[in-house]
Amino acid sequence: MAKLALSGGEPVKKSPFPAWPYFDENERAALMEVLESRQWWRTPGTRALEFEQAFARYHGARHGIAVTNGTAALEVSLAALGIGPGDEVIVPDYTFVATASAVLFTGALPVLTDVSADTYCLDPDCAKNAITPRTKAIIVVHIAGHPADMDRFKEIASRHSLYLLEDAAHAHGSEWRGQKVGALGDAGTFSFQQSKLMTAGEGGIIITNRDSIERQARSVHDCGRMPGEWYYSHFIYGSNYRLSEWQAAVLLQQLDRLDAQAAIRTRNAAYLNKALARIEGITPQAQDRRCTRNGHYGYLFHYDRQAFGGTPIDEFIEALNAEGIPTQASYPPLHQLDLFRSGAYRQRLSPDQRDQQHAFLDAPFPNTERAAWEGVWLIHQTLLGSEEDTALIVEAVRKIQTAFRG
Ligand SMILES: Cc1ncc(COP(=O)(O)O)c(C=O)c1O
């Protein structure tokens with residue numbers, strides 16, 4: 001039996017996966033151009049505008065509003081939709097905290113809800129059951145790049161007159177029935193933080209097909225100004241969420257490369273979907289047939305310790321990392337975060353909501369628990385290697401299983 005790298009054996013993968021963030025001469029030249037133009041902010045810069053248009057066009061949306069980060073994109077979108085104190089917004093329990101904290105930022109209550117057992121995206125039936133007369137919106141998250149069930153969510157949102165917001169922070173270029181995600185609902189938000197599929201270190205964007213949402217969001221993101229009006233006129237409450245020209249210049253280059261990188265990730269993920277599913281105890285995140293392209297912000301699979309000699313997941317992840325296969329942590333269930341458990345979130349709510357019982361605090365969310373505590377995320381760079389590199393991921397899992405089974 002091969003000795004685990006954790007115990008001093010040879011690692012299966014000896015060279016690192018491609019470095020991230022990726023850049024080349026194009027980013028260098030684009031940054032130099034901004035430098036020399038002396039136009040470093042977007043007022044009245046041109047790169048941010050160009051990027052907004054290019055990114056929106058790529059995702060089949062009429063409008064893009066570039067902002068400082070993905071959290072800001074959610075905050076600005078919710079403000080543009082008029083969500084505020086007294087409202088409820090349905091949010092998956094399995095996501096990054098920003099999906100829920102952006103709701104709290106507006107003063108509304110995020111109603112945390114379980115995800116589907118197979119894709120780990122918000123479960124449409126759980127979301128439907130969480131609707132009350134106060135519900136104003138649903139935020140779906142396309143987890144690890146796999147779209148939520150947009151057919152069901154569009155139907156639920158339209159039947160109950162709710163806004164549908166897509167948190168597409170993981171899903172640059174993902175498709176549902178051949179259409180890019182982000183503008184399938186009322187609006188969609190993306191993040192360009194360092195680890196994301198396109199990055200400028202930080203950054204975000206809102207896309208929408210609805211002119212009224214674009215108008216509101218653009219104003220909220222720029223101190224309540226309105227395009228074409230005098231610089232010191234401010235019409236609504238807003239703040240400064242503007243993206244800089246530096247970031248936009250880099251993001252234009254990253255967008256140009258997205259399709260080529262997505263093609264490599266798709267090829268390698270397809271290989272893993274088949275090969276890992278053959279290993280007892282490993283269940284890859286399900287791929288719905290209506291998902292015609294998964295951007296693959298990482299690769300997510302379920303680990304059943306029983307098939308690995310009962311070894312806890314932390315030890316499996318440690319062994320995998322030692323074999324040269326890097327992972328990122330799975331999200332904990334949001335309702336178990338201190339923010340919610342301590343009651344600190346209540347400070348953001350309207351007085352009547354603050355004193356309410358919130359059932360989600362004690363709710364059993366079995367599928368979120370499964371994803372949170374039994375889910376393994378390979379970082380997306382592991383999908384950017386060669387086919388031989390990808391085969392080594394499978395070899396590493398098999399090697400660990402053999403060793404753990406003793
Ligand atoms: C699902 C999700 N939503 C929102 C965000 C927030 O994005 P940012 O970090 O750019 O604020 C992130 C990422 O960090 C995320 O993963």
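Which residue is the bridge partner of T327 in β14? Hold that thought while we get our bearings, and keep in mind that the model is predicted. The partner is L378, and by the end of the next few paragraphs you will have seen what surrounds that pair.

Let's start with the whole protein. There are 13 helices and 14 strands to find. The radius of gyration is 22 Å, close to the 22 Å that the globule rule gives for 406 residues, so the protein is as compact as a globular protein of that length. If you draw a box along the principal axes, the C-alpha atoms fill roughly 75 × 55 × 35 Å. Buried residues make up 50% of the 406 residues. Now look at who touches whom: among contacts with a separation of 6 or more, 70% are between residues 24 or more positions apart.

Back to strand β14, which covers residues 375-378. Two bridges join β14 to strand β13 (residues 327-328), and these two run antiparallel; this is where T327 meets L378. Strand β12 (residues 299-303) is also antiparallel to β14, with four bridges joining them. Here F301 stands opposite V376. In a regular strand the side chains alternate between the two faces of the sheet. With that in mind, look at both faces of β14: G375 and W377 are on one side, V376 and L378 are on the other, and all of them are buried.

Another small group of strands is worth a visit. It is an open sheet of three strands in the order β7-β6-β11, with antiparallel pairing. The edge strands are β7 (179-180) and β11 (291-293), each of which pairs on one side only. Strand β6 (residues 175-176) is joined to β7 by two bridges, and E175 stands opposite K180 in β7.

Next, turn to the interior. The largest nonpolar core has 114 residues, and those with the most contacts inside it include V67, V76, V89, I205 and I206. Helix α8 (residues 245-277) gives the most to this core, with eight residues. Take V67 as a guide to the neighbourhood: setting aside residues up to four places away in sequence, V67 touches A72, A73, V76, G204, I205, I206, H221, Y241 and L243.

Helix α3 offers another view of the interior through L78, which lies in that helix. L78 counts as buried because 28 other C-beta atoms lie within 10 Å, where 20 or more are needed. Beyond four places in sequence, L78 is in contact with I83, A102, V103 and T106. The C-alpha atoms of L78 and V89 are separated by 9.6 Å, and the two residues are 11 apart along the chain.

Helix α7 is mostly covered, with seven of its 10 residues buried. Its buried residues are I213, E214, Q216, A217, R218, S219 and V220. What do they pack against? Their partners are β1 (63-67), α3, β8 (187-191) and β9 (204-208).

Now for the ligand. A shell of 14 residues surrounds the ligand, and the closest are N69, G70, T71, A169 and S191. Helices α3 (70-80) and α4 (98-106) each supply at least two residues of this shell. By class, the shell has four nonpolar, nine polar and one charged residues.

Finally, a few backbone details reward a careful look. Most residues other than glycine have a negative phi, and most peptide bonds are trans. Where does this structure depart from that pattern? The peptide bond from W20 to P21 is cis, with omega near 0 degrees, and P21 lies in the segment before α1 (25-37). A144 has a positive phi, near 55 degrees; this residue lies in the loop between β4 (135-141) and α6 (150-159). A144 counts as buried because it has 26 C-beta neighbours inside 10 Å. C223 also has a positive phi, near 60 degrees, and lies in the loop between α7 (211-220) and α8. With 17 other C-beta atoms within 10 Å, C223 is partly exposed.

Conventions: Residues are numbered from 1 along each chain as its sequence is written. This is a predicted model: local features need pLDDT of at least 70, side-chain atom pairs count only at pLDDT 80 or more; totals for chains, interfaces and linings use all residues. A residue is near a molecule or strand if its C-beta atom, placed from the backbone, lies within 6 Å of it. Ala, Val, Leu, Ile, Met, Phe, Trp, Tyr, Cys and Pro count as nonpolar, Asp, Glu, Lys and Arg as charged, and the others, Gly among them, as polar. A nonpolar core is a set of buried Ala, Val, Leu, Ile, Met, Phe, Trp, Tyr and Cys residues joined through C-beta atoms within 7 Å. A residue is buried if 20 or more other C-beta atoms lie within 10 Å of its own, exposed if 12 or fewer, and partly exposed in between; C-beta atoms are placed from the backbone. Two residues are in contact if their C-beta atoms, placed from the backbone, lie within 7 Å. The radius of gyration is taken over C-alpha atoms; the globule rule is 2.2 Å times the number of residues to the power 0.38. Two strands pair if DSSP finds at least two bridges between them.
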